Amino acid sequence: MEIPEEADLISVFESLPGRKDETENFYYDTSSFIFENENEVMEVRLSPFYDEFIMDVKEKNSNEVFSYMKLLSVRKIEIAADEKEYAIIRLFHGESDLYENIIEITLRPKFKMIFKEQYR
């Protein structure tokens with residue numbers, strides 16, 4: 001998986017990661033980022049070496065899960081925007097000779113997810 005530097009992910013998620021093995025290199029470890037915006041609490045778990053991305057989004061007041069995604073074939077994560085009031089990441093996965101899937105996730109100010117399958 002192509003992934004931004006750990007410091008860039010800390011910036012976009014505004015959270016320090018909980019690491020499974022603090023002695024391991026970030027790329028080979030599993031990291032959990034827990035963060036929130038005005039309405040939602042989100043957890044992102046990354047295992048870059050295994051191409052794994054898991055995201056759990058809960059409504060802040062009720063703690064009800066309204067979005068859960070587990071992807072086992074993420075090829076690339078990119079930061080599309082990282083501003084104080086506005087943050088977006090993009091996931092690229094499920095690629096074939098004909099198409100690739102792009103998931104755009106808005107983290108701030110409000111959670112939003114857009115899934116696109118596009119031809120190459």
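**Entry 1: helices and strands.** I started by counting the elements, and the protein chain has one helix and nine strands. I am working from a predicted model here. Next I read along the sequence to get the order, which came out as α-β-β-β-β-β-β-β-β-β. So that I don't lose track, I noted that helix H1 covers 6-13 and that a loop holding Glu-14 lies between H1 and S1.

**Entry 2: overall size.** I looked up how far the C-alpha trace spreads, and along its principal axes it spans about 45 × 35 × 25 Å. I then checked the radius of gyration, which is 14 Å for the protein chain; a compact globule with 120 residues would have a value near 14 Å, so the two agree.

**Entry 3: inside and outside.** I wanted to know what share of the chain is tucked away, and buried residues make up 40% of the 120 residues. For the outside, I found an accessible surface of about 7,100 Å², with 47% of that belonging to carbon and sulfur atoms. I also asked how much of the contact list joins residues far apart in sequence. Taking contacts with a separation of 6 or more, residues 24 or more positions apart account for 27%.

**Entry 4: charges.** I tallied the charged side chains and got 15 positive and 27 negative. The centres of the two sets lie 3 Å apart.

**Entry 5: the five-stranded sheet.** Which strands sit side by side? I traced an open sheet of five strands in the order S1-S2-S3-S4-S5, with antiparallel pairing. S1 (18-19) and S5 (65-71) are at the edges, and each has a single partner strand, so one side of each is left without a neighbour in the sheet. A reminder to myself: strands of a sheet pair through backbone hydrogen bonds, either parallel or antiparallel.

I then went through the sheet pair by pair.

- S1 and S2 run antiparallel and are joined by two bridges. Here I found Arg-19 with Ser-31 in S2 as its bridge partner.
- S2 (residues 31-36) pairs with S3 (residues 40-47) over six bridges, in the antiparallel sense. Phe-33 stands opposite Val-44 in S3, and the two strands form a hairpin with three residues between them.
- S3 and S4 (residues 52-59) also run antiparallel, and I counted eight bridges. Arg-45 has Ile-54 in S4 as its bridge partner, while Leu-46 has Phe-53.
- S4 and S5 pair over six bridges, again in the antiparallel sense. Phe-53 turns up here too, with Leu-71 in S5 as its bridge partner. The hairpin of S4 and S5 has five residues between the strands.

**Entry 6: odd backbone angles.** Most residues other than glycine have a negative phi, and most peptide bonds are trans. With that in mind, I went looking for exceptions.

Glu-14 is one of them: its phi is positive, about 50°, although it is not a glycine. I checked its cover as well, and at 40% relative accessibility Glu-14 counts as partly exposed.

Asp-51 is another, with a positive phi near 60°. I placed Asp-51 in the loop between S3 and S4, in a hairpin with four residues between the strands. Is Asp-51 buried, exposed or partly exposed? I found a relative accessible area of 26%, so Asp-51 is partly exposed.

I also noted Asn-63, in the turn of the hairpin of S4 and S5, where phi is positive at about 65°.

Then I looked at the peptide bonds. The one from Arg-108 to Pro-109 is cis, with omega near 5°. Pro-109 is in the loop between S8 and S9 (112-119).

**Entry 7: Ile-105.** I picked Ile-105 for a closer look, and found it in S8 (residues 99-108). Its relative accessible area is 0%, so Ile-105 is buried.

What does Ile-105 touch, leaving out residues up to four places away in sequence? I listed Phe-53, Met-55, Met-69, Ala-87, Ile-88, Ile-89, Leu-91, Phe-111, Lys-112 and Met-113. Phe-53 is on that list, and it is the residue I had already met as the bridge partner of Leu-46.

Last, I took the distance from Ile-105 to Phe-115. The two are ten residues apart in sequence, and their C-alpha atoms are 8.7 Å apart in space.

Conventions. Residues are numbered from 1 along each chain as its sequence is written. This is a predicted model: local features need pLDDT of at least 70, side-chain atom pairs count only at pLDDT 80 or more; totals for chains, interfaces and linings use all residues. Side-chain values use heavy atoms; hydrogens and water are left out. The radius of gyration is taken over C-alpha atoms; the globule rule is 2.2 Å times the number of residues to the power 0.38. Buried means under 20% relative accessible area, exposed over 50%, partly exposed in between (1.4 Å probe, protein chains only). Contact means heavy atoms within 4.5 Å. Accessible areas come from the Shrake-Rupley method with a 1.4 Å probe; for residues, only the protein chains shown count as cover. Lys and Arg count as positive and Asp and Glu as negative; His and the chain ends are not counted. The place of a charge is taken as NZ of Lys, CZ of Arg, CG of Asp or CD of Glu. Two strands pair if DSSP finds at least two bridges between them.
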